[in-house]
Amino acid sequence: MIGIDGVPHSFLTAQMRKGRFPHFQQLLVEGDMARMSSSVPPISSVAWTSIATGCNPAAHNIFGFVDRRPNPIEMFLPTAMDRKAPAIWDVLGRRDKKVIVINVPVNYPPRPVNGMLVSCFLATDINKATYPPGLAETLKALDYVIDVDPWKARQDKDAFLDDLFIALDRRLAATLHLMETHPWDFFMSHIMETDRLCHFFWEHWESGHPVYAARFMEFFDKVDEFLGEVRARMPRDAHLVVLSDHGFCTLKKEVFINRALQDAGLLKFNSDQPKQLNHIHAESRAYSMIPGRIFINLKGREQLGSVAPGPDYERAREQVREVLMDLKDPDDGSPIIESVLCREDIYKGPFFESAADLVALPHDGYDLKGALYKEEMFEKTQLVGMHTMHDATFYTAGQVVNCDDMNVVDVMPSILSYYGITIPGLEGRNCFLAPAG
């Protein structure tokens, strides 16, 4: 399995129709590709966890890139220790299958596996990023790069692009080395650089920027070559799967939901310069965390909860829904929010109570932000690409994808079918037309 983070199905198919990506075109001769829906919300940490576990966030417990504990109220960064459902490499390892997993999001700190695991962008020190720990020395010898520094893109785009090319090259070197020198039954390597590129250069590509549009496509040509190298050098009896976790589109505006809640009188602060969740005033009705997750200030759950369970809770949710659905782009009057979903319509599982009370889904182009306090509701920054929900990619060799509405939760049971494994009660479906083998 090769993860190409954030690469849209529509982008790949359009470029291949133009004759681009010859290696991926050859893959299509050998298999099938489908469009896939992402998680709610379509965040890499959430989506890749759903891909790995075959279940929604209320069953695996990763709801966002950041999350909160309600009492005492505090923000935290979810890690592998917060994932409560077994990943596909865990399931296979318990059945004596050897696994190698490289760079898949929310795999830090590295948990023991029946094989090897290299952590993701959450790791800052390669010496603490691998299982077994000694694998770090191999990666250092290969000049492995855990991740690039996204902040550099805001300061020096050319240097950031150079870093992306280097990281991709090092990722390929590590992938091929571990693939060819160690035994495995399941191998997964994840390319994060595609997501980094699209966040800072998608609009440049789409608008035909005189310099960066060409470099954008040059990078994707390198990704295509990456896939070609893996395909050429992988064992002949192995099946190749290539997938992404969400799509991308041009970002028109960043939208600060807490500013909207504050303007509507639903969010108040007990500080002149609110920066932390404990600066939320007890009189508040709701607050938001990235991206578009809204929590009602519920009495008995939140540290300073004031909204009573029952009718008052439902009134608060409806108040928030009305505020968000009324949001308009100040430049052209376009609606910002496509829908506002209640958590019971999205999530099901033992960690349901940790879910946001509402999740707002924006129209393409409007990136919902969770900054606690902003003077203005809208910004346009160096971020020019944003995630989309219904344009992820799933490719498999030697099979036909038989789900018209494939979702990220369907990946795990589909892959397990290659091994003849079925897990009763798993949320996801096997989307292959015939038994894999």
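**Exercise 1. In which sense, parallel or antiparallel, do strand E1 (residues 2-4) and strand E9 (residues 241-243) pair, and over how many bridges?** Then place both strands in their sheet.

*Solution.* The model in front of you is predicted, and the steps below read its computed features.

Step 1. Strand E1 and strand E9 pair in the parallel sense, and two bridges connect them. Within this pairing, Gly-3 has Leu-243 of E9 as its bridge partner.

Step 2. Both strands belong to an open sheet of eight strands with mixed pairing, whose order is E2-E19-E9-E1-E8-E5-E6-E7. The edges of this sheet are taken by strand E2 (31-36) and strand E7 (130-131), each of which has a single partner strand, so one side of each lacks a neighbour in the sheet.

Step 3. A helix can now be added to the picture: H7 (residues 157-181) lies across strand E5 (99-102), strand E6 (115-118) and strand E8 (186-191), and it runs at about 175° to E8.

**Exercise 2. Work out which strands join E11, and which way its side chains point.**

*Solution.* Step 1. Strand E11 covers residues 253-256; Lys-253 and Val-255 point one way from it, while Glu-254 and Phe-256 point the other way, and all are buried.

Step 2. With strand E16 (residues 366-369), E11 runs parallel and is joined by four bridges, and here Lys-253 stands opposite Tyr-366.

Step 3. With strand E17 (residues 378-379), E11 runs antiparallel and is joined by two bridges, and here Glu-254 stands opposite Glu-379.

**Exercise 3. Describe the sheet that contains E12, beginning with the strand order and ending with the helix that lies across it.**

*Solution.* Step 1. Four strands form an open sheet with antiparallel pairing, in the order E12-E13-E15-E14. Strand E12 (286-289) and strand E14 (337-342) are at the edges with a single partner strand each, so one side of each is left without a neighbour in the sheet. From one strand to the next, the twist averages 25°.

Step 2. E12 and strand E13 (residues 293-296) run antiparallel and are joined by four bridges, with Ser-288 standing opposite Ile-294 of E13.

Step 3. Helix H11 (residues 311-325) lies across E12, E13, E14 and strand E15 (358-362), and its direction is at about 170° to that of E14.

**Exercise 4. Decide how many disulfides the model contains, and describe the cysteines concerned.**

*Solution.* Step 1. A disulfide is a covalent bond between the sulfur atoms of two cysteines. The cut-off needed here is that the two sulfur atoms lie within 2.5 Å, and by this rule the count is one disulfide.

Step 2. The pair is Cys-403 and Cys-431, whose sulfur atoms are 2.1 Å apart. The torsion about their S-S bond is about -100°, so the disulfide is left-handed.

Step 3. The bond links distant parts of the chain, 28 residues apart, with Cys-403 in the loop between strand E19 (392-397) and helix H12 (411-416), and Cys-431 in the segment after H12. Both Cys-403 and Cys-431 are buried.

Step 4. Cys-249, by contrast, is in no disulfide, as the nearest cysteine sulfur, that of Cys-198, is 11 Å away. Cys-249 is nevertheless buried, with a relative accessible area of 12%, and Cys-342 is also buried, with a relative accessible area of 10%.

Technical notes. Residues numbered from 1 in each chain as written. Predicted model: local features only at pLDDT ≥ 70, side-chain atom pairs only at ≥ 80, totals over all residues. Heavy atoms only, no water. Buried < 20%, exposed > 50% of the residue type's maximum accessible area, 1.4 Å probe, protein only. Pairing = 2+ DSSP bridges. Axes fitted to C-alpha atoms, helices over the stretch in contact; angles between N-to-C directions. Contact = heavy atoms within 4.5 Å.
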